[in-house]
Amino acid sequence: MWKYTVEVNGMMCGMCEAHVNDAVRKALPVKKITSSRSKKQTVILSETELDTAVLADAIRHTGYEVGGIQKEPYKKKRLFG
């Protein structure tokens with residue numbers, strides 16, 4: 001699993017967050033996505049590595065500004081044992 005954290009500027013409300021999430025879901029195979037206007041970021045979990053250019057373009061086409069993109073391996077935290 002991979003975790004991508006994308007800096008996104010211009011989101012002002014919950015609908016903005018949903019708009020970004022929907023655009024990314026349509027463009028790439030993501031497992032989970034959450035956007036936060038207050039943190040100015042979108043966090044994506046994917047089972048495969050994503051093309052960051054496609055990711056950035058999907059968000060830009062919604063009218064929002066894309067800053068840096070961080071990629072890191074992701075391991076789900078176990079609750080027990």
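Here is a short chat about how features of this predicted model get their labels.

User: Why is the Glu17 and Arg37 pair called a salt bridge?

Analyst: The cut-off is 4 Å between a side-chain nitrogen of Lys or Arg and a carboxyl oxygen of Asp or Glu. In this pair the closest N and O atoms are 3.1 Å apart, which is within 4 Å, so the label fits. The two partners come from distant parts of the chain, 20 residues apart. Glu17 sits in helix H1, residues 14-27, while Arg37 is in the loop between strand S2 (32-36) and strand S3 (41-46).

User: What makes Glu17 buried or exposed?

Analyst: Buried means under 20% relative accessible area. Glu17 comes in at 15%, so Glu17 counts as buried.

User: And which label does Arg37 get?

Analyst: Arg37 has 37% relative accessibility. Buried would need under 20% and exposed over 50%, so a value in between is called partly exposed. That is the label for Arg37.

User: What does Arg37 touch, leaving out residues up to four places away in sequence?

Analyst: Arg37 touches Met11, Met12, Cys13, Gly14 and Glu17. Glu17 is also its salt-bridge partner.

User: How many salt bridges are there?

Analyst: The count comes to five. Among them is Glu49 with Lys71, at 2.3 Å from N to O. That is within 4 Å, so the pair qualifies. This pair links distant parts of the chain too, with their positions 22 residues apart: Glu49 is in the loop between S3 and helix H2 (52-60), and Lys71 is in strand S4, residues 65-73. Lys71 counts as partly exposed, at 40%.

User: Which salt bridge has both partners in helix H2?

Analyst: That's Arg60 with Asp57, three residues apart, or about one turn of the helix. The closest N and O atoms are 3.6 Å apart, and since the limit is 4 Å, the pair passes. Arg60 is partly exposed at 44%, and Asp57 is partly exposed at 38%.

User: What is the order of the strands in the sheet, and how are they paired?

Analyst: The open sheet has four strands in the order S2-S3-S1-S4, with antiparallel pairing. Neighbouring strands are turned by 15° against each other on average, ignoring direction.

User: Why are S2 and S4 called edge strands?

Analyst: Each of them pairs on one side only.

User: How do you know that S1 and S4 really pair?

Analyst: Two strands need at least two bridges to count as paired. S1 and S4 have seven bridges, in the antiparallel sense, so the pairing test is met. For instance, Tyr4 has Lys71 in S4 as its bridge partner. Helix H1 packs on the sheet, touching S1, S2 and S3, and its direction makes about 150° with that of S2. Helix H2 packs on the sheet as well, touching S1, S3 and S4, at about 145° to the direction of S4.

User: Which residues of the largest nonpolar core touch the most other members?

Analyst: Val24, Ile44 and Ile59, out of 17 residues. Strand S1 (2-9), H1 and H2 each supply at least two residues of this core.

User: What does Ile59 touch, not counting residues up to four places away in sequence?

Analyst: Ile59 touches Val6, Val8, Val20, Val24, Tyr64 and Val66.

Note on methods: Residues numbered from 1 in each chain as written. Predicted model: local features only at pLDDT ≥ 70, side-chain atom pairs only at ≥ 80, totals over all residues. Heavy atoms only, no water. Buried < 20%, exposed > 50% of the residue type's maximum accessible area, 1.4 Å probe, protein only. Core = buried A, V, L, I, M, F, W, Y, C linked by side-chain atoms within 4.5 Å. Contact = heavy atoms within 4.5 Å. Axes fitted to C-alpha atoms, helices over the stretch in contact; angles between N-to-C directions.
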